[in-house]
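In these notebook entries I set down what I looked up in one structure, element by element. Each entry begins with the point I wished to settle.

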Amino acid sequence: GRLYLEDGAIGQNDLSADGRHILPTDEQSWHLLSINSAGKIVGCTRYLQHQKNTRFDDLRVRHAALAESDVWGARLRAAVEEELSNARKAGFSYVEVGGWAMDYEIRCTAECLRSVLATYAWSRIIGGALGISTATERNGSASILRRLGGRSLEWDGAALPAYFDPHYNCSMQMLRFDSRSPNPRYEEAIEQLRQALLNAPVIYPERSGWQSLIRGLSSLHEPSIVGSEAIAHAI
């Protein structure tokens, strides 16, 4: 919340009383955290994994400014519906990745790249995924995601354009990703992260909620589970 506020992406009224930026979908999402050697959380990425029968109107992206465009709104819907269909055919999850916030101490470092590559690693752990991200051009976020494997969302052979989002007060790009096709340069790093994530602690509010999110993992590859009472110890 502090970082988004300082970047001008949100206003003070968007924060909770204790300074957090909380969205309704946070309760249904994974959050991949970057933690420094002192145990401080210095980065976070929200990873929202959808059910197989999900449609465009169930997604957060339906609220994007581009979805309201008279020219591009219908094309965005059609493109995403095609992606959803492709995910179902491949037996993949469809995910929305967002909430990428990196503290100043790790921006422009290898840890910043690792936080993005971790989404590919996690997608492979859950059995594969196609995904979408409304990536801001602020701080070069969209260009970083493109270098690591993000691609423009397309419809009928044409890439959907960048657009201005008044809510976040910046230019955005609609990017897609496929867990099978990151930038080949980072395949080794993704595999290392995949192995590490299999043994990473997971903090969850209740086991029933965790079980609904863990789709795709076998009993032999479940990550370690840490209850909410052990959060301080886990980090």
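I take contact to mean heavy atoms within 4.5 Å. I also note at the outset that the model is predicted.

**Entry 1: Ser93**

I began with a single residue, Ser93, which is found in strand 3. Is Ser93 buried or exposed? I recorded a relative accessible area of 11% for Ser93. Since buried means under 20% relative accessible area, Ser93 is buried. I then asked which residues Ser93 is in contact with, leaving aside its neighbours within four places in sequence. The list I obtained is Gln49, Ala87, Ile126, Gly128, Ala129 and Leu130.

**Entry 2: the cavity**

I searched the whole structure for cavities of 30 Å³ or more and found one. The space in the largest cavity is about 30 Å³. Which residues line the largest cavity? I noted Gln51, Lys52, Thr54, Leu84, Ala87, Arg88, Phe92, Ser93 and Tyr94. Two or more lining residues come from each of two elements, helix 2 and strand 3. Helix 2 gives the most, with three residues. Ser93 from my previous entry is thus listed again, as part of this lining, and so is Ala87, one of the contacts of Ser93.

**Entry 3: helix 2**

The cavity led me to helix 2, which covers residues 73–90 and has 18 residues. I compared its span with expectation: from first C-alpha to last, helix 2 reaches 26 Å, close to the 26 Å expected at 1.5 Å a residue. Which residues of helix 2 are buried? They are Gly73, Leu76, Ala79, Val80, Glu83, Leu84 and Ala87. Looking down the axis of helix 2, I saw that its buried residues fall within an arc of 140 degrees, so they line one face of the helix. On the other side of helix 2, I noted that Ala74 and Lys89 are exposed. I next looked up what the buried residues of helix 2 pack against, and found strand 3, strand 4, strand 6 and strand 9. After helix 2 comes Gly91, with a positive phi near 75 degrees.

**Entry 4: helix 4**

I made a similar inquiry for helix 4, residues 141–148. Its buried residues are Ser141, Ala142, Ile144, Leu145 and Leu148. They cover an arc of only 160 degrees around the axis, and therefore lie on the same side of helix 4. What covers the buried residues of helix 4? The cover includes strand 3 (93–102), helix 3 (110–125), strand 4 (129–136) and strand 9 (170–178). Just after helix 4, I found Gly149 with a positive phi of about 135 degrees.

**Entry 5: strand 9**

Strand 9 appears among the elements that cover helix 4 and among those that helix 2 packs against, and I therefore gave strand 9 an entry of its own; seven of its nine residues are buried, so strand 9 is largely enclosed by the rest of the structure. I then looked up its strand partners.

- Strand 4 and strand 9 run antiparallel and are joined by seven bridges; here Thr136 has Met172 of strand 9 as its bridge partner.
- Strand 5, residues 151–152, runs antiparallel to strand 9 and is joined to it by two bridges; Ser152 has Leu175 of strand 9 as its bridge partner.
- Strand 8, residues 163–165, pairs with strand 9 in the antiparallel sense over three bridges; Tyr163 has Met172 of strand 9 as its bridge partner.

I noted that Met172 is named twice, as partner of Thr136 and as partner of Tyr163. Strand 8 and strand 9 form a hairpin with four residues between the strands, and in this hairpin Asn169 takes a positive phi near 55 degrees.

**Entry 6: positive phi in two loops**

Lastly I looked up two loop residues. Where is Cys108 found? I located Cys108 in the loop between strand 3 and helix 3. Cys108 has a positive phi of about 65 degrees, although it is not a glycine. Its relative accessible area is 82%, and Cys108 is exposed.

Asp156 lies in the loop between strand 6 and strand 7. Its phi is near 55 degrees, a positive value in a residue other than glycine. Is Asp156 buried or exposed? At 73% relative accessibility, I entered Asp156 as exposed.

Note on methods:
Residues numbered from 1 in each chain as written. Predicted model: local features only at pLDDT ≥ 70, side-chain atom pairs only at ≥ 80, totals over all residues. Heavy atoms only, no water. Buried < 20%, exposed > 50% of the residue type's maximum accessible area, 1.4 Å probe, protein only. Arc of directions from axis to C-beta. Pairing = 2+ DSSP bridges. Expected span 1.5 Å × (residues − 1). 1 Å grid on protein atoms, 1.4 Å probe; cavity = no way out; pocket = protein on both sides within 12 Å on 5 of 7 lines; lining within 4 Å. Points joined across faces, edges and corners; volume = space filled by probe spheres on them.
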